[in-house]
Amino acid sequence: MPGTLPVPLEIALPQGWQSAPPEEVGAPHAAFVALHMASRGQGFVPNITVTGHRLDGSSSLHGLAEESVRRLRENVGAVKVVKRTEVGTSPAPGLIDAPGIVQNLRIQATVNGQPMELAQSQFLLVLESERQRGERAEIEIALTARTSQLQDVLEDFQSFLSTLRPASPSSEG
(Lines give C-alpha, C1' and ligand atoms only; values in the text may rest on other atoms or scores of the structure.)
Protein backbone atom coordinates (compact mmCIF):
# COMPACT_ATOMS: atom_id res chain seq x y z
CA MET A 1 0.00 0.00 0.00
CA PRO A 2 1.44 3.38 -0.92
CA GLY A 3 2.33 5.92 1.75
CA THR A 4 0.17 8.91 2.49
CA LEU A 5 1.08 12.53 3.03
CA PRO A 6 0.32 14.07 6.43
CA VAL A 7 -0.44 17.36 4.66
CA PRO A 8 -2.44 17.31 1.40
CA LEU A 9 -0.59 18.90 -1.52
CA GLU A 10 -1.46 20.01 -5.03
CA ILE A 11 1.06 19.48 -7.82
CA ALA A 12 1.17 19.58 -11.60
CA LEU A 13 3.30 17.22 -13.64
CA PRO A 14 5.48 18.64 -16.40
CA GLN A 15 4.79 17.44 -19.92
CA GLY A 16 6.34 14.03 -20.60
CA TRP A 17 5.90 12.75 -17.04
CA GLN A 18 3.26 10.25 -15.92
CA SER A 19 2.19 9.20 -12.45
CA ALA A 20 2.67 5.54 -11.54
CA PRO A 21 1.43 3.34 -8.68
CA PRO A 22 4.23 3.53 -6.05
CA GLU A 23 4.05 -0.16 -5.12
CA GLU A 24 4.36 -1.22 -8.78
CA VAL A 25 7.55 0.79 -9.39
CA GLY A 26 9.44 -0.26 -6.26
CA ALA A 27 8.61 2.75 -4.07
CA PRO A 28 6.04 1.30 -1.64
CA HIS A 29 6.47 4.03 0.96
CA ALA A 30 6.00 6.90 -1.47
CA ALA A 31 2.70 8.75 -1.59
CA PHE A 32 3.29 9.76 -5.22
CA VAL A 33 5.62 8.67 -8.04
CA ALA A 34 6.03 10.12 -11.54
CA LEU A 35 8.12 8.63 -14.35
CA HIS A 36 9.84 10.37 -17.27
CA MET A 37 8.22 8.46 -20.12
CA ALA A 38 10.68 9.51 -22.85
CA SER A 39 13.45 7.70 -20.93
CA ARG A 40 11.74 4.30 -20.87
CA GLY A 41 13.91 1.54 -22.32
CA GLN A 42 17.18 3.30 -21.39
CA GLY A 43 17.98 1.05 -18.42
CA PHE A 44 16.72 3.50 -15.80
CA VAL A 45 13.68 5.73 -15.87
CA PRO A 46 14.14 9.07 -14.10
CA ASN A 47 11.52 9.45 -11.41
CA ILE A 48 10.09 11.92 -8.95
CA THR A 49 8.89 10.59 -5.60
CA VAL A 50 6.97 12.40 -2.89
CA THR A 51 6.98 11.03 0.66
CA GLY A 52 6.04 12.51 3.99
CA HIS A 53 5.47 11.81 7.64
CA ARG A 54 4.48 13.57 10.83
CA LEU A 55 7.34 14.89 12.94
CA ASP A 56 7.67 14.22 16.64
CA GLY A 57 9.56 16.73 18.71
CA SER A 58 11.78 19.40 17.25
CA SER A 59 13.62 17.69 14.42
CA SER A 60 16.05 20.02 12.66
CA LEU A 61 16.19 20.31 8.89
CA HIS A 62 19.82 19.16 8.89
CA GLY A 63 18.86 16.18 11.05
CA LEU A 64 16.10 15.28 8.58
CA ALA A 65 18.54 15.58 5.66
CA GLU A 66 21.05 13.32 7.45
CA GLU A 67 18.29 10.80 8.18
CA SER A 68 17.33 10.72 4.50
CA VAL A 69 20.95 9.99 3.54
CA ARG A 70 21.17 7.28 6.22
CA ARG A 71 18.02 5.56 4.87
CA LEU A 72 19.42 5.62 1.33
CA ARG A 73 22.72 4.10 2.50
CA GLU A 74 20.83 1.34 4.32
CA ASN A 75 18.47 0.54 1.46
CA VAL A 76 20.38 1.37 -1.74
CA GLY A 77 24.15 1.64 -1.31
CA ALA A 78 26.96 4.17 -1.05
CA VAL A 79 25.76 7.80 -0.96
CA LYS A 80 27.83 10.96 -1.27
CA VAL A 81 26.37 14.35 -0.37
CA VAL A 82 27.51 16.66 -3.17
CA LYS A 83 25.80 19.82 -1.92
CA ARG A 84 23.33 20.81 0.79
CA THR A 85 21.66 24.22 0.85
CA GLU A 86 19.07 25.69 3.19
CA VAL A 87 16.20 27.42 1.43
CA GLY A 88 13.46 29.65 2.73
CA THR A 89 10.84 31.86 1.27
CA SER A 90 10.86 31.48 -2.48
CA PRO A 91 10.06 34.27 -4.92
CA ALA A 92 8.83 31.58 -7.34
CA PRO A 93 5.04 31.74 -7.66
CA GLY A 94 3.34 28.71 -6.17
CA LEU A 95 6.35 27.28 -4.32
CA ILE A 96 5.46 26.48 -0.76
CA ASP A 97 6.65 29.18 1.61
CA ALA A 98 8.38 26.99 4.20
CA PRO A 99 11.89 26.36 5.47
CA GLY A 100 13.62 23.56 3.63
CA ILE A 101 16.83 21.98 2.44
CA VAL A 102 17.90 21.04 -1.04
CA GLN A 103 20.54 18.34 -1.17
CA ASN A 104 22.22 16.82 -4.19
CA LEU A 105 23.44 13.26 -3.84
CA ARG A 106 25.45 10.70 -5.81
CA ILE A 107 24.33 7.13 -5.22
CA GLN A 108 26.11 3.89 -6.15
CA ALA A 109 23.22 1.49 -6.69
CA THR A 110 22.46 -1.85 -8.28
CA VAL A 111 19.52 -1.60 -10.67
CA ASN A 112 18.23 -4.76 -12.33
CA GLY A 113 21.48 -6.49 -11.38
CA GLN A 114 23.66 -3.74 -12.95
CA PRO A 115 25.85 -1.30 -11.00
CA MET A 116 24.75 2.24 -11.74
CA GLU A 117 25.67 5.74 -10.59
CA LEU A 118 22.54 7.71 -9.84
CA ALA A 119 22.08 11.37 -9.04
CA GLN A 120 19.35 12.46 -6.68
CA SER A 121 18.15 15.96 -5.97
CA GLN A 122 16.05 16.15 -2.80
CA PHE A 123 13.85 18.96 -1.58
CA LEU A 124 12.96 18.48 2.09
CA LEU A 125 10.60 20.85 3.83
CA VAL A 126 8.77 21.09 7.11
CA LEU A 127 5.16 22.24 7.06
CA GLU A 128 3.06 23.34 10.01
CA SER A 129 -0.47 21.97 10.13
CA GLU A 130 -3.09 24.63 9.57
CA ARG A 131 -5.63 22.48 11.42
CA GLN A 132 -3.59 21.30 14.42
CA ARG A 133 -1.44 23.94 16.15
CA GLY A 134 2.08 22.68 16.81
CA GLU A 135 1.77 19.67 14.50
CA ARG A 136 4.53 19.48 11.91
CA ALA A 137 5.18 17.28 8.91
CA GLU A 138 8.24 16.53 6.78
CA ILE A 139 7.75 16.33 3.02
CA GLU A 140 10.53 14.91 0.83
CA ILE A 141 10.40 15.37 -2.92
CA ALA A 142 13.20 13.62 -4.80
CA LEU A 143 14.29 13.44 -8.42
CA THR A 144 16.38 10.36 -9.17
CA ALA A 145 18.13 9.82 -12.51
CA ARG A 146 21.30 8.32 -13.90
CA THR A 147 24.05 10.89 -13.62
CA SER A 148 24.08 11.14 -17.43
CA GLN A 149 20.31 11.87 -17.49
CA LEU A 150 20.17 14.50 -14.76
CA GLN A 151 20.58 17.61 -16.92
CA ASP A 152 17.80 16.37 -19.22
CA VAL A 153 15.22 16.25 -16.40
CA LEU A 154 16.39 18.82 -13.84
CA GLU A 155 14.40 21.68 -15.37
CA ASP A 156 11.25 19.50 -15.26
CA PHE A 157 11.90 18.84 -11.55
CA GLN A 158 12.23 22.55 -10.86
CA SER A 159 8.98 23.13 -12.77
CA PHE A 160 7.30 20.40 -10.71
CA LEU A 161 8.48 22.03 -7.47
CA SER A 162 7.18 25.42 -8.58
CA THR A 163 3.63 24.00 -8.77
CA LEU A 164 3.74 22.53 -5.27
CA ARG A 165 1.25 24.07 -2.84
CA PRO A 166 -0.95 23.00 0.06
CA ALA A 167 -4.23 21.59 -1.22
CA SER A 168 -7.16 23.93 -0.84
CA PRO A 169 -9.93 22.53 1.37
CA SER A 170 -12.24 22.19 -1.64
CA SER A 171 -9.71 20.05 -3.55
CA GLU A 172 -9.16 17.51 -0.77
CA GLY A 173 -10.83 14.18 -1.40
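**View 1. The whole fold, with 2 helices and 9 strands in the protein.** Helices (H or I, at least four residues) and strands (E, at least two) are DSSP runs, numbered from the N terminus. Starting at that end, the order of elements is β-β-β-β-α-β-β-β-β-α-β. This is a predicted model, where local features need pLDDT of at least 70, side-chain atom pairs count only at pLDDT 80 or more, and totals for chains, interfaces and linings use all residues. Residues are numbered from 1 along each chain as its sequence is written, and side-chain values use heavy atoms, with hydrogens and water left out.

**View 2. A stacked aromatic pair, F32 with F160.** The ring centres sit 6.3 Å apart, with 15° between the planes; rings of Phe, Tyr and Trp (its six-membered ring) pair if their centres lie within 6.5 Å, and planes under 30 degrees apart count as stacked, over 60 as edge-to-face and the rest as tilted. F32 belongs to strand 3 and F160 to helix 2 (residues 150-162), so to speak 128 residues apart along the chain. Both rings' residues, F32 and F160, are buried (under 20% relative accessible area, with exposed over 50% and partly exposed in between; 1.4 Å probe, protein chains only). Across the protein's 173 residues, 41% count as buried.

**View 3. Contacts along the chain.** Contact means heavy atoms within 4.5 Å. Among contacts with a separation of 6 or more, 56% come from residues 24 or more positions apart.
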